[in-house]
Amino acid sequence: MSIHVLDAMSREGFEEVIALHDRVSGVRAFIAVHDTSVGPAFGGIRRWEYLSERQALMDVLRLSRAMTRKCVLAGVPGGGAKAVVLDEPGLDLERAYRFLGDRVEALGGRFYTGPDVGTDDRALGWLAERTGYVTRPGDEGPGDLGAATAAGVFAGIRAGLEHLDGELDWKARTVVVQGLGGVGARLAERLVKVGATVVATDIDVEHGVAVCNRLGIEFVEPSTEVTRHCDVFAPCALGGILHDVTIERLHARLIAGAANNVLAKLHHADELARRGVLLLPDFVTSAGALIRGAHYHLDGGLVPLDEVEARVANAVREVLALAEAEDRAPFLAARDLADRRIAERRAAADPTRG
Ligand code: NAD
């Protein structure tokens with residue numbers, strides 16, 4: 001099935017979509033800039049073995065639009081962008097990332113980029129050789145962004161449980177964490193510290209078991225985690241994991257995590273609500289790294305983790321109150337709230353164009 005890029009851009013309000021190919025490294029990539037109406041666009045670089053060019057293009061569009069929603073709901077004075085790299089055999093990674101650094105630099109600060117799946121500190125170092133518009137790894141940058149995201153997810157879970165139960169008793173709560181990478185492992189650690197029972201998994205079993213042993217928590221085989229009875233299911237692996245099959249098997253009251261675009265299809269938000277499962281929007285709960293990274297780029301300061309937590313918790317409470325007032329799934333209420341705010345700020349930035 002073909003995709004009409006210009007139609008998709010005008011329908012969803014994208015500013016720019018760039019297709020890239022480098023003859024030397026062989027890299028093929030897309031950059032999508034969704035919104036720069038109030039400031040630069042922020043978004044990481046995802047490198048992934050896409051099954052097709054179409055899949056990569058769809059991903060960059062969805063991810064960059066979600067970043068704008070994340071910005072408006074987290075109060076970040078910027079918009080969304082994203083780059084995706086088609087991870088193909090024989091790709092010269094070092095040259096590929098330097099090439100991408102040149103292209104990010106050529107955008108002159110419209111696009112600030114950083115880590116995402118497949119783009120680690122080494123890749124950030126190659127990018128940073130060519131552009132200043134990138135999150136620098138280590139002490140030269142905003143520090144551990146995974147920790148900021150985990151702090152935000154933790155705050156989201158806390159706000160979600162308070163909404164459901166009133167007073168929160170962590171010791172009586174069980175959380176299943178799917179994915180024990182940069183975010184999931186830190187989230188699990190934080191939950192253990194407050195006394196919650198944590199059960200976790202990772203598709204990289206050796207790594208997952210090692211993390212669980214270190215934290216003293218139970219490891220479950222990948223794909224069995226969705227069937228565990230728990231209070232909270234925290235998706236911290238990849239997107240698209242809430243679909244007909246998993247929703248049928250899920251036994252959680254609350255879903256809140258870091259993974260972007262966690263719903264396979266939008267109608268699954270209604271399906272979860274119908275089943276009495278509270279799904280917090282991923283573009284609200286996963287905003288920690290954006291809050292930290294964006295402010296570091298914009299004013300050079302480091303937003304403390306407790307401020308990250310407070311901002312995410314406030315956004316969650318606002319969305320839950322709105323959803324209740326509108327009597328609809330919080331995910332959908334949050335999406336429409338974000339889109340209204342995007343339209344408003346675009347109109348305010350350029351009243352002649354709306
Ligand atoms: P990561 O790559 O460090 O960790 C992901 C982990 O999930 C890996 O250990 C991987 O083996 C595991 N995994 C992959 N598929 C799995 C599956 N089907 N079942 C169980 N485990 C699986 O990534 P991260 O930085 O921890 O981010 C986690 C998610 O949160 C990603 O989707 C990312 O896009 C999103 N996110 C991350 C940040 C951030 O600051 N790192 C910010 C916003 C959103």
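Start by selecting Phe154, which is buried, with a relative accessible area of 1%; buried here means under 20% relative accessible area, exposed means over 50% and partly exposed lies in between, with a 1.4 Å probe and protein chains only. The model is a predicted one, in which local features need pLDDT of at least 70 and side-chain atom pairs count only at pLDDT 80 or more, while totals for chains, interfaces and linings use all residues. Residues are numbered from 1 along each chain as its sequence is written, and side-chain values use heavy atoms, with hydrogens and water left out.

Keep Phe154 on screen and add Arg190, whose charged end sits over the ring of Phe154, 4.0 Å from its centre; this term requires NZ of Lys or CZ of Arg within 6 Å of the ring centre and within 35 degrees of the ring normal.

Next, turn to the aromatic pairs, of which a search of the whole structure finds five. Rings of Phe, Tyr and Trp (its six-membered ring) pair if their centres lie within 6.5 Å, and planes under 30 degrees apart count as stacked, over 60 as edge-to-face and the rest as tilted.

Select Phe42 and Tyr112 together, and you have a stacked aromatic pair with 5.5 Å from centre to centre and 25 degrees between the planes. This pair links distant parts of the chain, since Phe42 lies in strand β3 and Tyr112 in strand β6, 70 residues apart; helices (H or I, at least four residues) and strands (E, at least two) are DSSP runs, numbered from the N terminus. Phe42 is buried at a relative accessible area of 4%, and Tyr112 is buried at 15%.

Return to Phe154 and add Trp170: their ring centres are 5.3 Å apart and their planes are at 20 degrees, so the pair is stacked. Here too distant parts of the chain are linked, with Phe154 in helix α5 and Trp170 in the loop between α5 and β7 (174-178), 16 residues apart. Trp170 counts as buried, at 11% relative accessibility.

Now add Tyr133 to Phe42 and Tyr112, as these three residues form one aromatic cluster.

Finally, select helix α11, residues 288-299, where nine of the twelve residues are buried, so the helix is largely enclosed by the rest of the structure. Among the buried residues are Leu290, Ile291, Arg292 and His297. To see what covers the buried residues of α11, show elements including β3 (41-42), β6 (111-112) and α5 (145-165), where contact means heavy atoms within 4.5 Å. Just after α11, stop at Gly300, which takes a positive phi of about 80 degrees.
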